[in-house]
Amino acid sequence: MQNWIDAYSWINIRFLLQGLWITILISVISVILSFIIGSVLGIIRYAKVPYLSKIVGFIIDVIRNLPLLLIIFFVYFGLPAFGFKPDTIPAAILAMTVFESMMIAEIIRSGIMAVDIGQMEASRAMGMKMSQAMWHIVLPQAYKKMIPALVSQFISLIKDTSLATIIVVPELMQHGQVVYGQDPNYIIPVFVAMAIMYFVVCYALSLLSKFIDRRMA
């Protein structure tokens, strides 16, 4: 019991919370960027633009089938060979944005395809351009259908930030390693604390998703 009390000293808890803040920061920035990029890529793939849609589709399929850890390694250790050396946090954000954008692109494409094709045809018949119909008619309906899948993907992203510890990003998992590195007896208490922190953040996001879903129903 004394080991648990010592492990949960205010200094250690504050250090873990600092790591949690970095985890949330990386996640929020990556989510925003990947949502924007993924939406654009998903629309391009859906629109079947000659050549461009096939190229985008190929890139999406390749990156989706690569481990996120490999992409993190490539960004942090591979890009310096091309003259670009990002710091650890920007490297983690870039890697996760690239990976997550491909996942979001497929969700966006599937969501658009789930909207009745008659919506687009009716909009075009009323004189709307395809871009106008997509923006004002199709996407609002598609995003409603995609809320559960998008939130699930964003929750996965939050948990995947733990992989960034491999390049010493000062996020929650890395801070946890520092804390239990002081004393092997801290390992279980620290793992429990980190599990609670991850759960609180992810569960809160899940509840927010359900609230939005009900409001938009």
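These exercises, each with a worked solution, walk you through a predicted model of a protein.

**Exercise 1. The largest pocket**

Find out how much space the largest pocket holds, which residues lie closest to its centre, and what classes of residue line it.

*Solution.*
Step 1: Start with the volume. The largest pocket encloses about 350 Å³ of space.
Step 2: Look at the lining. It is made by 17 residues, and those closest to the centre of the pocket are Val31, Val151, Phe154, Leu205 and Leu208.
Step 3: Ask which helices contribute. At least two lining residues come from each of helix 2 (10–47), helix 7 (130–160) and helix 9 (187–216).
Step 4: Sort the lining by class. You should arrive at 15 nonpolar residues, two polar ones and no charged ones.

**Exercise 2. A ring pair between two helices**

Decide what kind of aromatic pair phenylalanine 35 and tyrosine 143 form, and which helices they belong to.

*Solution.*
Step 1: Recall what you need to describe such a pair. Two aromatic rings are characterised by how far apart their centres are and by the angle of their planes.
Step 2: Apply this here. The whole structure has five aromatic pairs. In the pair of phenylalanine 35 and tyrosine 143, the ring centres are 5.4 Å apart and the planes meet at 40 degrees, so the pair is tilted.
Step 3: Place the partners. Phenylalanine 35 is in helix 2 and tyrosine 143 is in helix 7, so this pair ties together parts that lie 108 residues apart in sequence.
Step 4: Check the surroundings. Phenylalanine 35 is partly exposed, at 27% relative accessibility, and tyrosine 143 is partly exposed too, at 23%.

**Exercise 3. A ring pair within one helix**

Work out whether the rings of phenylalanine 199 and tyrosine 203 are stacked or tilted, and how the two residues are placed in helix 9.

*Solution.*
Step 1: Take the geometry. The ring centres of phenylalanine 199 and tyrosine 203 are 5.2 Å apart, and their planes differ by 10 degrees.
Step 2: Compare the angle with the cut-off. Planes under 30 degrees apart count as stacked, so the pair of phenylalanine 199 and tyrosine 203 is stacked.
Step 3: Count along the helix. The two residues are four apart in helix 9, which means that about one helical turn separates phenylalanine 199 from tyrosine 203.
Step 4: Add accessibility. Phenylalanine 199 is exposed, with a relative accessible area of 51%, whereas tyrosine 203 is partly exposed at 41%.

**Exercise 4. A ring cluster and a charge**

Name the residues that ring pairs link into a cluster, and find the charged end that sits over the ring of tyrosine 76.

*Solution.*
Step 1: Follow the ring pairs. They join Phe73, Tyr76 and Phe77 into a cluster.
Step 2: Look over the ring of tyrosine 76. The charged end of lysine 85 sits there, 5.1 Å from the ring centre.

**Exercise 5. A network of salt bridges**

Trace the salt bridges around arginine 45 and glutamate 106, and list the residues of the network they belong to.

*Solution.*
Step 1: Remember the principle. Oppositely charged side chains can pair when their charged atoms come close. The structure has four salt bridges.
Step 2: Begin at arginine 45. Its side chain forms a salt bridge with aspartate 61, at 3.3 Å from N to O. Aspartate 61 is in helix 3 (residues 52–64) and arginine 45 in helix 2, 16 residues apart.
Step 3: Stay with arginine 45. A salt bridge of 2.5 Å, N to O, joins arginine 45 to glutamate 106. This pair links helix 2 with helix 5 (residues 88–114), across 61 residues.
Step 4: Move on from glutamate 106. Arginine 109 meets glutamate 106 in a salt bridge of 3.1 Å, N to O. These two are three residues apart in helix 5, so about one helical turn lies between arginine 109 and glutamate 106.
Step 5: Put it together. Through shared partners, salt bridges connect Arg45, Asp61, Arg64, Glu106 and Arg109 in one network.
Step 6: Sort by accessibility. Arginine 45 is buried at 18%, glutamate 106 is buried at 12%, and aspartate 61 is partly exposed at 32%.

**Exercise 6. Positive phi in a loop**

Describe phi, location and accessibility for lysine 48 and tyrosine 51.

*Solution.*
Step 1: Set the expectation. Most residues other than glycine have a negative phi.
Step 2: Check phi. Lysine 48 has a positive phi of about 55 degrees, and phi of tyrosine 51 is positive as well, near 70 degrees.
Step 3: Locate both. Lysine 48 lies in the loop between helix 2 and helix 3, and so does tyrosine 51.
Step 4: Finish with accessibility. Lysine 48 is exposed at 66% relative accessible area, and tyrosine 51 is exposed at 70%.

Methods: Residues are numbered from 1 along each chain as its sequence is written. This is a predicted model: local features need pLDDT of at least 70, side-chain atom pairs count only at pLDDT 80 or more; totals for chains, interfaces and linings use all residues. Side-chain values use heavy atoms; hydrogens and water are left out. On a 1 Å grid over the protein atoms alone, a cavity is a set of points where a 1.4 Å probe fits but cannot get out, and a pocket is an open set with protein on both sides within 12 Å along at least five of seven lines; lining residues have an atom within 4 Å of a point. Grid points are joined across faces, edges and corners, and a volume is the space filled by probe spheres set on the points. Ala, Val, Leu, Ile, Met, Phe, Trp, Tyr, Cys and Pro count as nonpolar, Asp, Glu, Lys and Arg as charged, and the others, Gly among them, as polar. Rings of Phe, Tyr and Trp (its six-membered ring) pair if their centres lie within 6.5 Å; planes under 30 degrees apart count as stacked, over 60 as edge-to-face and the rest as tilted. Buried means under 20% relative accessible area, exposed over 50%, partly exposed in between (1.4 Å probe, protein chains only). A charge sits over a ring if NZ of Lys or CZ of Arg is within 6 Å of the ring centre and within 35 degrees of the ring normal.
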